[in-house]
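User: I'd like to learn how to read a model like this one. Could you walk me through it, starting with the sheets?

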Amino acid sequence: MKKGWKSLPIGGIIDKGGTAKEYKTGSWRTFVPVRDEAKCINCMICWVYCPDSAIKAENGKMTGFRLDYCKGCGICASVCPVKCINMKKEKK
Amino acid sequence: MANLKELSKNIPERLCGGHRLCAGCGASIVVRQVLMGTKAPVITASATGCLEVATTIYPYTAWEVPFIHNAFENVAATISGVETAYRALKKKGKIKKDIKFVAFGGDGGTYDIGLQSLSGALERGHNFVYVCYDNEAYMNTGIQRSGATPKGASTTTAPSGKESYGKHQRRKDLTSIVAAHRIPYVAQCSISHWNDLVTKSEKAFAADGPAFLNVISMCHRGWRFPQEQTVEIAKLAVETCFWPLYEITDGRLKITYKPKNKLPVSEWLKRQGRFKHLKKEEYLSVAKEIQKDLDEDWENLLKRESLG
Amino acid sequence: MVKGKIIPFTGDQIAAYAMKQVEPDVVAAYPITPQTEIVMNFSQYVADGKVSTELIAVESEHSAMSACVGAAAAGARTMTATSANGLALMWEIVYIAASTRLPIVMPVVNRALSAPINIHCDHSDTMGARDSGWLQIYCENAQEVYDNIIMAVRIAEHPEIQLPVMVCQDGFITSHAVEGIEVFDDKLVKNFIGEYKPRFSLLDVEKPVTVGPLDLQDFYFEHKRQQSEAIAKAKKYIPEVMREFNTSFGRKYDFIEGYKLDDADLVICALSSTAGTARGVVDNLREEGLKAGLLKPRLFRPFPREAIVRGLSKAKAVAVLDRSESFSGEGGPLFSEIKSALYEEKNRPLIIDRIYGLGGRDIFESDIEEIYRELSRIAESGKIKEKIGFVGVRD
């Protein structure tokens, strides 16, 4: 239920950061990235190119995809130097 | 020298997922890479355009940092106000932190409607970084031509047709216009050369005064290419010298990347649907003119660099 | 009762002086006649270290208001000043300042809008901004400019209001004429306005906010509804500020000011300096035995309907003087709004509009006297010959 004028903060201000995380753009995609973990060299190139901050990075290692937000653009697969990421048609 | 592993560990993500930019959009890559140039808390501002509209649809914001959008033509004036308030309140001891200020504008909000407020902010010497994500047209409102649209490109307000090959005029050389304001640091960057970009971004954030980064930003909708090729197309822009990577530090120009093998501009043009009409017989000369202009510009840039 | 000292200043000079005493954190302003003296005087205060304000010498009025929005959003007490075409140029951002609920205070020196270009007084500029969501106070003289700027800071920053305020004065007539103005000690003024406590700040990096998002069909209306509520709250809480001002400085202010209004049959409603001219005429006519009176609205936004209706409740004939044209074909803005306010009253006076003074055209006591005589004829005959008329224009 959307809030009414009496309870919303005034002036159109969004009073917290990062609330877009509640909006799951993962539902947009047709293709989903699939990584061959064995081939991955943790170069982090996919991380520096993901437009949606959907590459998980922990301690200098690539640890997966944030599928809630991944739009399946395919850039990660395209830039990976060892071609360990493939875009597969996602079954819904 | 930036190190991706270190960057991924030490720099917080200032832009989170859940924003509604197109899949494969270059603009958010620009934002993410530029913001890797500083660890300090940042306050961001954006002109109206794709970036602002897609990242802040009430009540959702993809910004994990303070963010302000005011109007289309005034992000530089707006950030001037924010930065001045910071100095005023810091002087009074009300703020203690070291904060960095970044303004983002598309080519629309920077080359055209925003040029005046940008010029004013640069002349006044505010301490901020201005990042133009240049996708060479007013993309958010439907791919309309801007002062940054290259000659020969088809846009919805200067479309190619029976009697026209698209935009007749050359792009503005905004980077030089900005440099003419004698600000401490100006640079042209591309996301394809992330190390060069992040290094320049670090210099921009460290500059004492205004710094300007002009970053070519791929728009696969407006430029008509498959969405996964964003980075590839960015690389071609640099390898053809369509978008030279250089910096001007206190007035001294240095080209930061010289392609070993300068590719013909046709390699760049043929990959994008916005130039496909140039293959027509009646417009073949236009592609030749584009190459000639580009070569002249590149020669001039080399000359400027040699002048020191 | 505290007594101030009397200084001989013009309306512009005193506006700058008031700004000096308010000592905002940030001022971003662009010069335009006849506001220029405000900016120039304030710049000198900055250059002499008399204020700690950071002054941004912006390159246009659009950037002035843009920078003010940025500064106010960053938690700074912010002010600017403008006139006419400057206000017109910042129009886009004026609306944004109000709808983002930023308590910016802006002296406006009323000047005619182009075209043709005219640098003299009329109210077309601020009347044009009456739908912008800003509060508007009209000052009769330089003393009121001083008092109203100080009150405006408290009104704008009131936690229930949170709206920007325009403090208007007549260009050249007030802005460039010297008056003896009672001013108070810096400390008293600072005590009255208090410390600014912004409801949010971009600089609060621990609590990141997003200002100016895209508000679609599902939320925009709610945010606008909040603005309407703020205007209603302004009506409720402005009297508090005015009462406190009276206690601190001994000068009584209300939504309107009446002069010999209580038993007046014939009333002229006028804003700003013309009200001053009218007072002398009222006195002369009273000596003749005519029950003339004057109603001077001070607040125009929020529109002080109750006070105006009360003030006109005994009047038989009323002339509204408009120093601007709405070009609706139905008279000027003050006339339209006062007439609309009277619609619901059982006993309504006969009411006419007289548009005057455009582009700085003088209005004389003789003109005002003629209007009262016309009102007298209207009150006697019960008939209006000319509902909307123009005073002082050559046919």
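Analyst: Sure. Start with what pairing means: two strands pair if DSSP finds at least two bridges between them. Keep in mind that this is a predicted model. Here, strand 4 of chain B and strand 9 of chain C pair in the parallel sense, with two bridges. One of the matched pairs is B:Phe67 with C:Thr210, its bridge partner in strand 9 of chain C.

User: What holds paired strands together in general, and what is the order of the strands in the open sheet here?

Analyst: Generally, strands of a sheet pair through backbone hydrogen bonds, parallel or antiparallel. In this model the open sheet has nine strands in the order 12(B)-11(B)-9(B)-10(B)-6(B)-5(B)-1(B)-4(B)-9(C), and the pairing is mixed. Strand 12 (252-257) of chain B and strand 9 (210-211) of chain C sit at the edges; each has a single partner strand, so one side of each has no neighbour in the sheet.

User: Which way do strand 11 and strand 12 of chain B run relative to each other, parallel or antiparallel?

Analyst: Antiparallel, joined by five bridges. To find your place, look for B:Leu245, which stands opposite B:Tyr257 in strand 12 of chain B.

User: And further into the sheet, how many bridges link strand 6 of chain B to strand 10 of chain B?

Analyst: Six, in the parallel sense. B:Val131 faces B:Leu213 of strand 10 of chain B. Strand 5 of chain B also pairs with strand 6 of chain B, again parallel, over five bridges. In that pair, B:Gly106 has B:Tyr133 as its bridge partner.

User: How do I tell whether a strand is covered? Are the faces of strand 6 of chain B covered or open?

Analyst: Count neighbours: a residue is buried if 20 or more other C-beta atoms lie within 10 Å of its own. For strand 6 of chain B, six of its six residues are buried. Both faces are covered, with B:Val129, B:Val131 and B:Tyr133 on one side, and B:Tyr130, B:Cys132 and B:Asp134 on the other.

User: Which strands does helix 4 of chain B lie across?

Analyst: Helix 4 (residues 75-91) of chain B lies across strand 1 (42-46), strand 4 (67-69), strand 5 (100-106) and strand 6 (129-134) of chain B, at about 170° to strand 5 of chain B. Helix 10 (residues 230-239) of chain B packs on the sheet too, touching strand 9 (185-190), strand 10 (211-216), strand 11 and strand 12 of chain B. Its direction makes about 125° with that of strand 9 of chain B.

User: Now the chain contacts. How many residues do chain B and chain C each put into their contact?

Analyst: Interface size is often given as the accessible area lost when the parts come together. Here I can give you residue counts instead: 39 from chain B and 38 from chain C. Helix 4 of chain B gives the largest share of chain B's side, 13 residues. By class, that side divides into 20 nonpolar, 13 polar and six charged residues. The contact between chain A and chain C takes eleven residues from chain A and 17 from chain C. Chain A's side there has five nonpolar, four polar and two charged residues.

User: What about the nonpolar core: which residues touch the most other members?

Analyst: The largest core has 255 residues, and the ones touching the most other members are B:Val82, B:Val131, C:Ile149, C:Val165, C:Val167, C:Val267 and C:Ile268. Helix 7 (residues 142-157) of chain C supplies the largest share, ten residues. Take C:Val167 as a case: its contacts include C:Val105, C:Ile137, C:Ile149 and C:Ala152.

User: How far apart are the centres of the two domains of chain C?

Analyst: 28 Å, taken over C-alpha atoms. The assignment gives domain 1 (5-249) and domain 2 (258-391). In their contact, 26 residues of domain 1 of chain C meet 19 of domain 2 of chain C. Domain 1's side has 13 nonpolar, eight polar and five charged residues.

User: Last one: is C:Ser340 buried or exposed?

Analyst: C:Ser340 belongs to helix 12 (residues 333-342) of chain C. The cut-off for exposed is 12 or fewer other C-beta atoms within 10 Å. C:Ser340 has 11, so it counts as exposed.

How values were computed
Residues are numbered from 1 along each chain as its sequence is written. Chains are lettered from A and ligands numbered from 1 in the order in which they are written. This is a predicted model: local features need pLDDT of at least 70, side-chain atom pairs count only at pLDDT 80 or more; totals for chains, interfaces and linings use all residues. Helices (H or I, at least four residues) and strands (E, at least two) are DSSP runs, numbered from the N terminus. Two residues are in contact if their C-beta atoms, placed from the backbone, lie within 7 Å. Axes are lines fitted to C-alpha atoms, for helices over the stretch in contact, and angles run from 0 to 180 degrees between N-to-C directions. Ala, Val, Leu, Ile, Met, Phe, Trp, Tyr, Cys and Pro count as nonpolar, Asp, Glu, Lys and Arg as charged, and the others, Gly among them, as polar. A nonpolar core is a set of buried Ala, Val, Leu, Ile, Met, Phe, Trp, Tyr and Cys residues joined through C-beta atoms within 7 Å. Domain bounds come from an automatic or database domain assignment. Lists of a residue's contacts leave out its neighbours within four places in sequence.
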